[in-house]
Amino acid sequence: MTENIVTTNGKKSKKLIQVDHLVKYFPVRGGLLQRVLAWVKAVDDVSFFVREGETLGLVGESGCGKTTVGRTMLRLTEPTGGSVKFRDVDVFSLRGNDLKAIRRNMQIIFQDPYASLDPRIPIGESIAEGLTIHRIGSPKERFDIVIQTLRKVGLEDYHARRYPHEFSGGQRQRIGIARALALQPDFIVADEPVSALDVSIQAQVLNILKDLQHEFNLTYLFIAHNLSVVEHISDRVAVMYLGKMVEMSPREELFENPLHPYTQALMSAIPIPDPKIKRERIILPGDVPSPLNPPSGCRFHPRCPVAMDHCAVEEPEFKEVLPDHWVACWRVE
């Protein structure tokens, strides 16, 4: 997955983000000298790309490494290996001012709208913090940008003087979106931005994200575990399991024709809003293995309903089996 131009349905589009063989291990320390005893393989050899102006949904069970992928891409967590290229610039090779400059174009909306805001300063100052760090405009110009950004996300001018505890959860998430938007980035990692919100508020925030994407030609990596939300907002969907990418394809194709057994199990859990229609559930046995000691071969094989002997021996390659449809499964091959 190294070419810069990709073709879908006869249309050519350029890659904005290229992730190749991304690895992130966390050390487990113990003993008197705090030596490294083992490694948590949170992200293990993950590759994918994000096209300009699209939303790539990243889904999977809790603990599969979704958030770690997003944070490592932005260098909020330092990588163990691999590369991330933003417009052909290797993000992991940058230092100092070069890294600071590219971060202006790569922002994040954090999952928790309560913990991600400083309770000691008004939200107007929180939104303007990035503008100050990057020395954008005068204090008056920065204030004008803050007000314009607040209006974009459906808040009022006077909200800039209020503190985080004066807002509801949905309003705080809008503030988080405004803070990411203030620097006018090209790429935003949305880390489960609606998981802590009520369903009615979720719809409002999702619609704001879609409207802003159309207005500013934004590119999103949308991390979530709610497949209904992912289906609503994403152009393509990537599925992770235990630190590995198992499937990636356009949204319609993935929801109509999932090829990987894990994806099929996830899809079977989506409720149908019609009591007369029943979907056959695929119940996976056992629990997700520990990333401290993942299974050999395909990591899904201990729970896979169609696993073969070969699945436990050799790991399948994540490759394109249909146009723009990538899968890592021996059965599909």
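A residue counts as buried here when its relative accessible area is under 20%, as exposed when that area is over 50%, and as partly exposed in between, using a 1.4 Å probe and protein chains only. By that yardstick, buried residues make up 50% of the 333 residues in the chain. The model is predicted, so to speak of local features takes a pLDDT of at least 70, and side-chain atom pairs count only at pLDDT 80 or more, while totals for chains, interfaces and linings use all residues. Residues are numbered from 1 along each chain as its sequence is written, and side-chain values rest on heavy atoms, with hydrogens and water left out.

As for the overall fold, the chain carries nine helices and 13 strands; these are DSSP runs numbered from the N terminus, with helices (H or I) of at least four residues and strands (E) of at least two. The C-alpha trace spans about 65 × 60 × 45 Å along its principal axes. The radius of gyration, taken over C-alpha atoms, is set against a globule rule of 2.2 Å times the number of residues to the power 0.38. For 333 residues a compact globule would come out near 20 Å, and the chain, at 21 Å, agrees with that. Contacts (heavy atoms within 4.5 Å) reach a long way along the sequence: of those with a separation of 6 or more, 63% join residues 24 or more positions apart.

On the outside, the accessible surface comes to about 16500 Å², and carbon and sulfur atoms account for 50% of it; areas come from the Shrake-Rupley method with a 1.4 Å probe, and for residues only the protein chains shown count as cover. The charge tally is 41 positive and 42 negative side chains, with the centres of the two sets 4 Å apart. Lys and Arg count as positive and Asp and Glu as negative, leaving out His and the chain ends, and each charge is placed at NZ of Lys, CZ of Arg, CG of Asp or CD of Glu.

Turning to the aromatics, a search of the whole structure gives four pairs. Rings of Phe, Tyr and Trp (its six-membered ring) pair if their centres lie within 6.5 Å, and planes under 30 degrees apart are stacked, over 60 edge-to-face and the rest tilted. One of the pairs, Y241 with F300, is edge-to-face, at 5.1 Å centre to centre and 80° between the planes. The two partners sit 59 residues apart, Y241 in strand β10 (residues 236-241) and F300 in the loop between α9 (261-268) and β12 (319-322). Y241 is buried at 2% relative accessibility, and F300 is buried at 1%. Together with Y262, Y241 and F300 form one aromatic cluster.

The backbone has some oddities too. Most residues other than glycine have a negative phi. R75, however, has a positive phi of about 65°; R75 lies in the loop between α1 (66-73) and β5 (81-86) and is buried, with a relative accessible area of 7%. D324 also has a positive phi, near 65°, and lies in the loop between β12 and β13 (325-327). D324 is buried, with a relative accessible area of 7%.

Two further residues round off the picture. V23, in strand β2 (residues 11-30), is buried at 15%. Leaving aside residues up to four places away in sequence, V23 touches V43, D44, D45, P79, T80 and G81. T67, in helix α1, is partly exposed at 26% relative accessibility. With the same neighbours in sequence left out, T67 touches D191 and I223, and the C-alpha atoms of T67 and V43 are 9.8 Å apart.
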